[in-house]
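The following exercises concern strand pairing and nonpolar cores. Please work through each task before reading its solution.

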Amino acid sequence: SFYIKSINLETSYIGSYLALGSIYLDLNENELAESTFQKASIVAKDILSNSNTNNITEVVLNDIGVLFTILGDFAMAEKTLKIMAENISFNSYHKMLLSENLLSMGKFREGWALYESRFDYYLKEKKIDHYKKFPKPRWEPEMGSGKILIWAEQGLGDQILFGTIIKDFIIRFKKVYLMVDTRLKKHFTKNYNQIEVIGFDE
């Protein structure tokens, strides 16, 4: 009821819609959540159309970007986040959010480039250091197809999911090393005996 009252008092504050819609999702009230987000999208589009984008605050642009991402309106999310990038600060969280929207639209070159900000995002926003520092440089296409080390940066599920592309590396490179969670070492060794699998704690 707090956020309903907040919306009634200030119908243009996107944050209240986001909070209310999220509560409905937690309660499995999906239709109410959808309705709330759709109402917010009307307000958001009005803000973007009728306001000088230079005067829209970072908080408002952030909320609008998140809203359109939730709704799957990736083009509007891209537009909003790029307004933020041009006029206000653009931190690692916003770069991550924009990259996910771009990738969802198939804009892979720009999306993957921005996705490199994930290491800063994990470190600054979640205090998790996923970036492993190796004495060798990161692979670039001009380095050829000799040896390559692939290291996991996500959880067990993602390591298994993205492990399905290992065969592409086996085809391209002469020698492939794979560093994964030690609990998955046996799995990858069994399924990909052409590569050398290393556990995180080795």
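Two strands are said to pair if DSSP finds at least two bridges between them. The model used here is predicted.

**Exercise 1.** Determine in what order the strands form the open sheet, and which are the edge strands.

*Solution.* Step 1: The open sheet consists of three strands, arranged in the order β1-β2-β3. Step 2: β1 (147-151) and β3 (196-199) each pair on one side only, and they are the edge strands. Step 3: On average, neighbouring strands of this sheet are turned by 20° against each other, direction ignored.

**Exercise 2.** Describe the pairing of β1 with β2, and identify the bridge partner of tryptophan 151.

*Solution.* Step 1: Strands of a sheet pair through backbone hydrogen bonds, either parallel or antiparallel. Step 2: Between β1 and β2 (residues 175-180) the sense is parallel, with five bridges. Step 3: Tryptophan 151 has methionine 179, in β2, as its bridge partner.

**Exercise 3.** Identify which helix gives the most to the largest nonpolar core, and list the contacts of leucine 67.

*Solution.* Step 1: The largest nonpolar core has 29 residues, and Leu67 is among those with the most contacts inside it, as are Ile14, Leu48, Ile64 and Phe68. Step 2: At least two residues of this core come from each of α2 (14-26), α3 (30-50), α4 (58-71), α5 (74-87) and α6 (92-104). Step 3: The most is given by α3, with seven residues. Step 4: Leaving aside neighbours within four places in sequence, leucine 67 contacts Ile14, Leu18, Phe37, Ala40, Ser41 and Ala44. Step 5: Another core, of 13 residues, lies apart from this one and includes Ile166, Phe173, Tyr192 and Val197.

Terms used
Residues numbered from 1 in each chain as written. Predicted model: local features only at pLDDT ≥ 70, side-chain atom pairs only at ≥ 80, totals over all residues. Heavy atoms only, no water. Helix = DSSP H or I, 4+ residues; strand = E, 2+ residues; numbered from the N terminus. Axes fitted to C-alpha atoms, helices over the stretch in contact; angles between N-to-C directions. Core = buried A, V, L, I, M, F, W, Y, C linked by side-chain atoms within 4.5 Å. Buried < 20%, exposed > 50% of the residue type's maximum accessible area, 1.4 Å probe, protein only. Contact = heavy atoms within 4.5 Å.
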